[in-house]
Amino acid sequence: MVMLLLGACAQGSGGNSASNVVTIGYTGPLSGAAATYGEKTLRGLQMAVEEINENGGFEVNGEIYTLQLESLDDKYLPNETAANAQRLVQEHQTPIIYSPHSGGIMAMQVFNEQEGFIIGGYSSEPAITEQGNTLTVRIPPSYHGYLEPFTDYAKERFGTRLASIPPVTQYGQDWANALLPHWESAGGEVVHKASVDFSKDTDFFTILTNALEHNPDVLFIGGPSEPTAKLAQQARELGFEGGFIIMDQAKLDEMKTITGGSYELFEGAVGVTPLIYSDFPGTPQFIEKYREKYKEDPGSESGYHYMSLFIFVEAMKAAGTVEDVEKIYAHIQDGVEALPEDKQVYIYEKIDETGGFVQQMRVAAVENGEIVQIKVDE
């Protein structure tokens with residue numbers, strides 16, 4: 001009887017059993033030029049995991065589960081992402097693995113269906129949900145929705161001559177391949193094309209000098225906020241007075257912090273609306289929690305990751321399983337609909353048939369040293 005009682009105590013009631021811990025995987029840049037970006041994506045997941053566990057976990061088919069987060073550094077390199085994902089599956093049987101860059105997401109898509117895990121893809125790259133992969137979720141909206149409002153604003157305010165300096169990453173090149181034809185179809189002219197490798201380049205003098213020799217009205221730049229801000233700052237130091245089209249990975253409020261706390265440097269920049277200027281039902285609560293924990297303002301990376309994990313948990317509850325990834329994936333729409341209002345840092349309308357979350361686009365620009373909202377026609 002003593003042995004039986006000890007065995008019962010060891011197993012506990014649901015949530016105390018080791019088998020009742022669901023491990024969520026993350027592989028992203030936690031070192032190198034994109035380390036700040038990677039850390040902010042990871043923070044959102046950490047906050048969600050802590051909050052769910054502190055509230056007693058979640059119930060699936062009468063069993064209580066808690067979450068464990070396993071994170072690995074991939075240095076923004078797709079081959080490292082793939083190796084990390086294999087390790088996470090083999091060592092932790094992770095049903096969901098997050099990656100915040102398109103190269104890493106596509107590297108995992110080679111084998112995630114066979115290995116049986118859902119990719120939580122934090123990239124606006126539309127190609128990640130156009131591959132026909134049945135277990136990929138695109139968390140932010142596709143960048144295709146930004147092409148028209150970004151182009152219209154920059155062209156009307158500054159002129160038609162565009163110099164393109166995206167990062168060398170797959171995401172950067174795909175963004176450029178989408179924007180430049182759109183710019184030309186809208187009556188603009190692409191006067192210069194180049195790329196920047198933020199993992200190697202820290203001084204952008206030569207790249208910018210070559211671009212500015214062509215007298216552009218607008219520079220197309222982007223990537224992680226920190227190097228993007230430094231690139232824009234150096235353009236101003238070299239005398240550039242035009243506008244910036246900022247790829248959606250970089251955030252205007254984070255760029256401002258990096259370059260001294262003023263938006264004046266980025267006058268005329270158009271990009272996505274910073275989270276702190278958004279007004280969704282769960283935004284104020286999330287901002288307050290984030291500021292209390294990290295002593296700074298949150299970015300959209302943290303907000304999206306935080307919210308998405310609550311959606312995945314709701315999907316597990318609706319599916320009645322924490323292991324069958326096909327069933328979990330099939331119930332993500334239920335997760336969207338069941339998301340509590342105080343977790344709605346953004347509002348998703350639905351998940352579409354390819355696995356992309358759908359929401360209203362939010363665009364902002366810097367005018368007279370302040371952030372202003374730009375109306376987007378849906």
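This tour goes strand by strand through one sheet and ends at a helix lying across it. The model is predicted: local features need pLDDT of at least 70, side-chain atom pairs count only at pLDDT 80 or more, and totals for chains, interfaces and linings use all residues. Residues are numbered from 1 along each chain as its sequence is written, and side-chain values use heavy atoms, with hydrogens and water left out.

Start with the whole sheet. It is open, has 6 strands in the order β2-β3-β1-β4-β5-β6, and its pairing is mixed. Strands (E, at least two residues) and helices (H or I, at least four) are DSSP runs, numbered from the N terminus; two strands pair if DSSP finds at least two bridges between them.

Select 58-60 and 136-138 next. These are the edge strands β2 and β6, each pairing on one side only.

From β2, move to β3, residues 63-73. The two run antiparallel and are joined by 3 bridges. Valine 60 has glutamate 63 in β3 as its bridge partner.

Now select β4, residues 96-99. Ile96 and Tyr98 on one side, and Ile97 and Ser99 on the other, are all buried (under 20% relative accessible area; exposed is over 50%, partly exposed in between; 1.4 Å probe, protein chains only). β4 runs parallel to β1, with 3 bridges between them; tyrosine 26 is the bridge partner of tyrosine 98 in β4. With β5, residues 118-121, β4 is again parallel, joined by 4 bridges. Look there for serine 99 opposite glycine 121 in β5.

Finally, select 78-92. This is helix α3, which lies across β1 (21-28), β3 and β4.

Notes: Contact = heavy atoms within 4.5 Å. Axes fitted to C-alpha atoms, helices over the stretch in contact; angles between N-to-C directions.
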